[in-house]
Amino acid sequence: MTILEIIVLLPILAAVVIALGSPARITALLASGLAAAATFVTALRFNLNAEGGFQETSSHPLLSIEGFPDLSLSFGIDGISLVLMILTVLVLVAAIWAAPAENSIKGSARIYYASCLLIGGGALGAFCSTDLFFLYAFHELALIPTFLMIGLFGTGENRVRTAWTITIYLGIGSIILLIGLIMAVVHLGGNTFNIADLVATANSSDNAIAPEMQNWIYLILIVGFGILVSLFPFHSWAPPAYAQAPTPVSMLHAGVLKKFGLYGIIRIAQPLAPQGAETMLNLVLVLLLGNILYIGLVTIAQKNLNRMLGYSSVMHMGYVFLGVVSGTAIGMNGAVLLMFAHGISIALLFALTGSLKSRYGTLEISELGGIAKSLPGLGLLFGFAAFAAAGLPGFANFAAEILIFFGAFQKFDGNIGWLQWTTILALWGVVISAVYMLRAYRNVFKGPENLALPTVAKMGWQEKAPILLLLVSLMAVGFVPELLVKYLRPAVDAMNLFVGK
Amino acid sequence: MPVYALEIIVVALGILMLMLDAFAKLEDKRSIAWLGMLGLIVVFGLLFRVEMPDAEAAKASFWNFYSPTGGLSLYFKGIAVLTTIIVLIMAADHSPVIVSNTANPEPGAHPQAGLGEFFALPLFACAGLMWMASANNLVSIFVSLELVTITFYVLVAYMRRNVGSLEAGVKYLILGALSTGFLVYGFAWLFGITGSMDLGEIKTALADSSVNPTAALFAFALILVAMAFKVGAAPFHMWVPDVYQGAPTPITAFLSVGSKAAGFVVFIRLSGMFLSSEFLVGKVSMILGVIAVLTLLIGNLVAIPQKNFKRLLAYSSIAHAGFLIMALACSPKVSKAGESLSPTNVIAFYLGAYLLMTLLAFLVMTTVRRRVSGEDFDAYKGLAKRSPFLAFALLISMASLAGIPLTAGFFGKLFVFTLAVQDSQWVLLTVGLIGAAAGFYYYLKIVASMYLEKAEGSETVANYAISIPARIAMIILIVAIIAAGVMPNLIFGLL
């Protein structure tokens, strides 16, 4: 058994054990803590001198029949997957830590903790699978737990309706994605699901998919993955779901699971259909501007703190897309770094609003005000998180966004093309996110105190610990981006980036 | 041991059970069901020990109407036996309902009078299903099909004091007889065109250019009507919801798994003869494609507003027939991608997965039915609180039916979709996508009522007594669904 198999199996087995009756919170914390420790060990063991390619590989052949791609349960990581796994374990530990104690959960605490573990385990499995089938299958592991979590433990009257919306929306997205993946595999010879082999076939001039077909496949994949990432205009499931989901689910979903769609585009869609990606570049640019500018303006108009965070997380996906399609190594590095930074910062923000919500019972911005006086610690932490999300230097988000903008502008040859125009417009998103984050911060924490609010308890260390864990990682990467970029660089350099215009 | 010995054993076992019912003074007639179950488990074990005669010797022997076509026919025999075992478990659990609906008013009668036949008849249906898996002659197909159908006429209408069951019985009888008429007429045409009853000879004759394509297509159309009726494909699906809802639950399970699987074996064999002829393949697969589209749309879309679990499963069974016919409509040919999947294997796999997940759902349904009367969704509200195990079993079953990855059902859909991509069947793919998306909704609806809704009235707390065989069967099925969802070779290895 390799270390990756252990990391993936730990949360899933823990979920089973919890379902069978072991104490939920302790088991969950233990399993996620061990998975995190194992992930850091993997990071230390990671060979930085290797030129791309997967490390720590293992493979168990499962199916080999005529006319169907060979299937095997295989794991392996390169720098990109490693960074995303680090993101996942950090958020998973924080999310489980931030989950309420067993006796304060209305309903079954077992379902609560087992679902969180399954969502986390599914994400870990998806990020380190080197087999296309399992990359897809592990991601789907989160589907039903998310449905149950929002429906059972969510907030608001219409939480069941919200649970349905996200499940059906993501379900349809996954089926579209599945068909796109099957098309790609079949048109690449249909012999294997192994991602490295598929990419190699796609890069060979003889066996690549016919250009016409590439356009179709890329389009279907962009729609499928796009739904999972909440690419404009497929974003409408995300904000209400994040606003109503219980805190750990919002953290895991917005922080980690949504990154799966982007990971798929980086790992599958672009390498397998490079010409398709080039043809569809302008379409994607328009859509990502929709994310940054349109959703950005929508975010400003939000009156509920959690909904605002939900929209802001949709908005930031636009930047990642820009980095991914920029076709430059710098942009790609920035994109993955932003996936990490955004994942941590949004999980951080949701953890903080979860604390607020448990104290005041509301997150309507107009009903809160001046609460930094009674909760100075929370106010300070929220301030940090808000600055991070707005892209202030010193946080990982800034480092990532600057890389993306440089990357997207790198191909400037005197003529301002689509990519450059998009970059110029996207820069305004930075202003927009500063506007909504600072306004929310001022209205909620500063200003005149709303005297109608009840007096509440201060944050204990128990509550602060997961938040500090996330904040410290965010600042560490912000000051020393090289901590992660050193893993990313070889992986990105080994990629055959398509030529953006 | 020759293959046909298995059917003989099953029939003998059935007769023994009938005799016990008539002559032995049994306190609890459920012991007949346990006997049948144990006997069938032995038969299931024997399936792995039979010897296959080589094709030439088989052709010359007396048993030439009964073809040993390799592992596939054994696989389908296994499906028949497995289904019958679980149907007997359910029938034993369901016996209070049966007894209360067949109660004999005569004084001094056995309190369980009439229960024995209910356990013995499935054995005869099972023998018919097993024979059907090996039938390679029109007459032999017809006779085995009738053995199954006539047994089902009795079983569907078994609860004779229940109007729903009687109504279902009459509907099934009339429509079944009509479809049999179509089948015989189709066979007559086929015999007239080719001059043979043997499937192999008919196949050769149809591949010849001298055959009249119009006559052959007419024969195909007649056979298609009958087969579409048997497997519950649109537009001949009308009987399915009513019969499924009215029949006793174990029999519904039997119909929806055993009868459908055997129907598909015959369907594959019969349509295979036409599909292998160059002159007919285009039109035949187009007709099958149209049937698949209709079945997928009707099955999946009409399932959405259903409020009764049994009816929902009826439409789900139609929907799955749609996916299976979709695989049948994809004619195997060598594409750019090299060899394509074999539709026969895909269908066999799909049916194996379908058996696991559907029987699990019916097992849960029978257990719940012992506490709550009726099969409306209301009966399942808050089941997660009342019995976490039953709710979890049903959750796995529904996830697999919906085709969520890491369950057996997902691989079924994956294979069908792959086949459609290999054959560039874009229309079928689009319709399949709509169907699968609708499936997400209506299967999760039952999950939602189990987990997200609160029970009404007095049924808030209750310990569900799950009989030991049912519990064992459920655990085996749950493990099998997940295991086959990770390692599909477990099922493919049997083909």
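Start by selecting strand β2 of chain A, residues 71–77 (strands are DSSP E runs of at least two residues and helices are H or I runs of at least four, both numbered from the N terminus). Six of its seven residues are buried, so the strand is largely enclosed by the rest of the structure. Buried here means that 20 or more other C-beta atoms lie within 10 Å of the residue's own; 12 or fewer makes a residue exposed, anything in between is partly exposed, and the C-beta atoms are placed from the backbone. Before you click on: this is a predicted model, in which local features need pLDDT of at least 70 and side-chain atom pairs count only at pLDDT 80 or more, while totals for chains, interfaces and linings use all residues. Residues are numbered from 1 along each chain as its sequence is written, with chains lettered from A and ligands numbered from 1 in the order in which they are written.

Now add strand β1 of chain A, residues 55–63. Six bridges join β1 to β2 of chain A, and the two run antiparallel (strands pair if DSSP finds at least two bridges between them). Zoom in on A:Pro61 and you'll find A:Ser72 of β2 standing opposite.

Stay in β1 for A:Glu56. What is its phi? Near 55 degrees, a positive value in a residue other than glycine. A:Glu56 counts as partly exposed, because it has 19 C-beta neighbours inside 10 Å.

Next, go to the loop between α9 and α10 of chain A, where A:Ser230 sits. A:Ser230 isn't a glycine, yet has a positive phi of about 60 degrees. With 30 other C-beta atoms within 10 Å, A:Ser230 is buried. A:Pro233 is in the loop between α9 (211–229) and α10 (238–244) too, and the peptide bond from A:Phe232 to A:Pro233 is cis, with omega near 0 degrees. Most residues other than glycine have a negative phi, and most peptide bonds are trans.

Hop over to chain B and pick B:Pro235, in the loop between α9 (213–231) and α10 (239–246). The bond leading from B:Ala234 to B:Pro235 is cis, with omega near -5 degrees.

Last stop: the largest nonpolar core, with 393 residues (a set of buried Ala, Val, Leu, Ile, Met, Phe, Trp, Tyr and Cys residues joined through C-beta atoms within 7 Å). Helix α14 of chain B, residues 343–369, gives the largest share, 19 residues. B:Tyr350 is among the residues with the most contacts inside this core. Leaving out residues up to four places away in sequence, B:Tyr350 touches B:Phe323, B:Leu324, B:Ala327, B:Gly412, B:Phe415 and B:Val416 (contact means backbone-placed C-beta atoms within 7 Å).

Note on methods. Two residues are in contact if their C-beta atoms, placed from the backbone, lie within 7 Å.
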